[in-house]
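User: I am new to this structure and would like to understand the reasoning behind the labels that are used for it. Could you take me through them one at a time?

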Amino acid sequence: MKLPKDLEKRVRQTIWQKSKTCVLWFTGLLLLIIFFGDVVFPTKYVGMKIVGYILVLALPFIFTKFPFNLIDETYCGTIEHVEIKTSTVNEFLATRFREGGATYAYKINTLYLHIITPEGECIRRKVFSGQTDQGQFLDTYHAGDKVFHLYGTKTVVLLPTEADEHVACAVCGSVNEKENDVCRECGCTLVKDFIWSEENENNV
Ligand SMILES: [Zn+2]
């Protein structure tokens, strides 16, 4: 799927936002090792020095979960069916009391969409996971609905049908009038169909 230019730019910005902490720390630590390596690790054993350097340089990746924090993708398609999985979670919660803690069991619902992409591919994507006794939106999606998800956002928006008068913004989730081309909240281009016509594009 070809994206409007402003959404493409947004995806690139999101990737940089998620990468920069790791990149900057890694560069900083690398420079520190290059210039002050002997001060930081004052050992005459080369092997030990190398292990120390590797451990230090691995820290930014461990703390920022880079590159795993980048895993996501833009997708769209028609829902084939909606799958709701209910599972039990056992969680140990430490308490302030002397007895220490207790194990609590609760149920969570996970919502998966089985989607047929415009290219005819069948994909399964998780859209929601949460405790069963809390407010949930399990009936938001139905078979036949067209959906769109933009890389790095938390939402999977429903694309408007002919009869719909509103469209949800794929970036911020705000509801907009269908005739609008850009979101009134965030100014991003509104995606209304899989096939994008460049005339309505918001060139920012
Ligand atoms: Zn918006």
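User: What makes Glu185 and Arg184 exposed rather than buried?

Analyst: In this predicted model, the word exposed is kept for residues with over 50% relative accessible area. Arg184 has 56% relative accessibility and therefore counts as exposed, and Glu185 is exposed as well.

User: Why is the contact between Glu185 and Arg184 called a salt bridge?

Analyst: The label asks for a side-chain nitrogen of Lys or Arg within 4 Å of a carboxyl oxygen of Asp or Glu. The closest N and O atoms of Glu185 and Arg184 are 3.4 Å apart, so the pair meets that cut-off. Arg184 itself is placed in the segment after strand E7 (175-177), and its C-alpha lies 60 Å from that of Val46, a residue 138 positions away in sequence.

User: How many salt bridges are there, and which of them link separate elements?

Analyst: The count comes to six salt bridges. One of them joins Lys49 to Asp38, with the closest N and O atoms 2.7 Å apart; because Lys49 lies in helix H2 and Asp38 in helix H1, this pair ties together parts that are eleven residues apart in sequence. Another joins Arg124 to Glu83 at 3.0 Å between the closest N and O atoms, and this one links distant parts of the chain, with Arg124 in strand E3 (residues 122-131) and Glu83 in strand E1 (residues 75-94), 41 residues apart.

User: How do you know whether Lys49, Asp38, Arg124 and Glu83 are buried or exposed?

Analyst: Buried means under 20% relative accessible area, exposed means over 50%, and partly exposed covers what is in between. Lys49, at 17%, therefore counts as buried, whereas Asp38, at 54%, is exposed. In the other pair Glu83 has 18% and is therefore buried, while Arg124 has 38% and so is partly exposed.

User: Why is the site of the zinc ion called tetrahedral?

Analyst: Four donors count as tetrahedral if all angles lie between 85 and 135 degrees. The protein donors here are the SG atoms of Cys169, Cys172, Cys183 and Cys186, lying 2.2 to 2.4 Å from the zinc ion, and the angles among the four donor atoms are 104 to 117 degrees, which makes the site tetrahedral. For reference, the ideal angle for four tetrahedral donors is 109.5 degrees. Along the chain, the donors of the zinc ion follow the spacing C-x2-C-x10-C-x2-C.

User: Are Cys169 and Cys172 buried or partly exposed?

Analyst: Cys169 has a relative accessible area of 0% and is therefore buried, but Cys172 has 37% and so is partly exposed.

User: What makes the pair of Phe41 and Tyr53 edge-to-face, and what makes the pair of Phe61 and Phe66 tilted?

Analyst: Rings pair if their centres lie within 6.5 Å, and planes over 60 degrees apart count as edge-to-face; three aromatic pairs are counted by this rule. Phe41 and Tyr53 are 5.4 Å apart centre to centre with 65 degrees between the planes, and the pair is edge-to-face. Phe41 lies in the loop between H1 and helix H2 (46-64) and Tyr53 in helix H2, so the pair ties together parts that are twelve residues apart in sequence. Tyr53 is buried, because its relative accessible area is 18%. Phe61 and Phe66, in turn, are 6.0 Å apart centre to centre with 45 degrees between the planes, and because planes under 30 degrees apart would be stacked and those over 60 edge-to-face, this pair is tilted. Phe61 is partly exposed at 31%, and together Phe26, Phe61 and Phe66 form one aromatic cluster.

User: Which peptide bond is cis, and which residue has a positive phi?

Analyst: The bond joining Phe66 and Pro67 is cis, with omega at about 5 degrees, and Pro67 is found in the loop between H2 and E1. Lys65 is also placed in the loop between H2 and E1; its phi is near 60 degrees, a positive value in a residue other than glycine. Lys65 is exposed, because its relative accessibility is 58%.

User: Which residues make the nonpolar surface patch, and how do you know that Phe35 is exposed?

Analyst: The patch, of about 770 Å², is made by Leu30, Leu31, Leu32, Ile34, Phe35, Phe36, Val39 and Val40. Phe35 sits in helix H1 (residues 5-40), and because its relative accessibility is 62%, it counts as exposed.

Terms used:
Residues are numbered from 1 along each chain as its sequence is written. This is a predicted model: local features need pLDDT of at least 70, side-chain atom pairs count only at pLDDT 80 or more; totals for chains, interfaces and linings use all residues. Side-chain values use heavy atoms; hydrogens and water are left out. Patches are made of residues with over 30% relative accessible area and no salt bridge: like charges are joined within 9 Å, nonpolar side chains (Val, Leu, Ile, Met, Phe, Trp, Tyr) within 5 Å. Accessible areas come from the Shrake-Rupley method with a 1.4 Å probe; for residues, only the protein chains shown count as cover. Helices (H or I, at least four residues) and strands (E, at least two) are DSSP runs, numbered from the N terminus. Buried means under 20% relative accessible area, exposed over 50%, partly exposed in between (1.4 Å probe, protein chains only). Donors are N, O and S atoms within 2.8 Å of the metal (3.2 Å for Na, K and Ca); water is not among the atoms, so sites may look incomplete. Four donors count as tetrahedral if all angles lie between 85 and 135 degrees; four count as square planar and six as octahedral if opposite donors are over 155 degrees apart and all others between 65 and 115; anything else is irregular.
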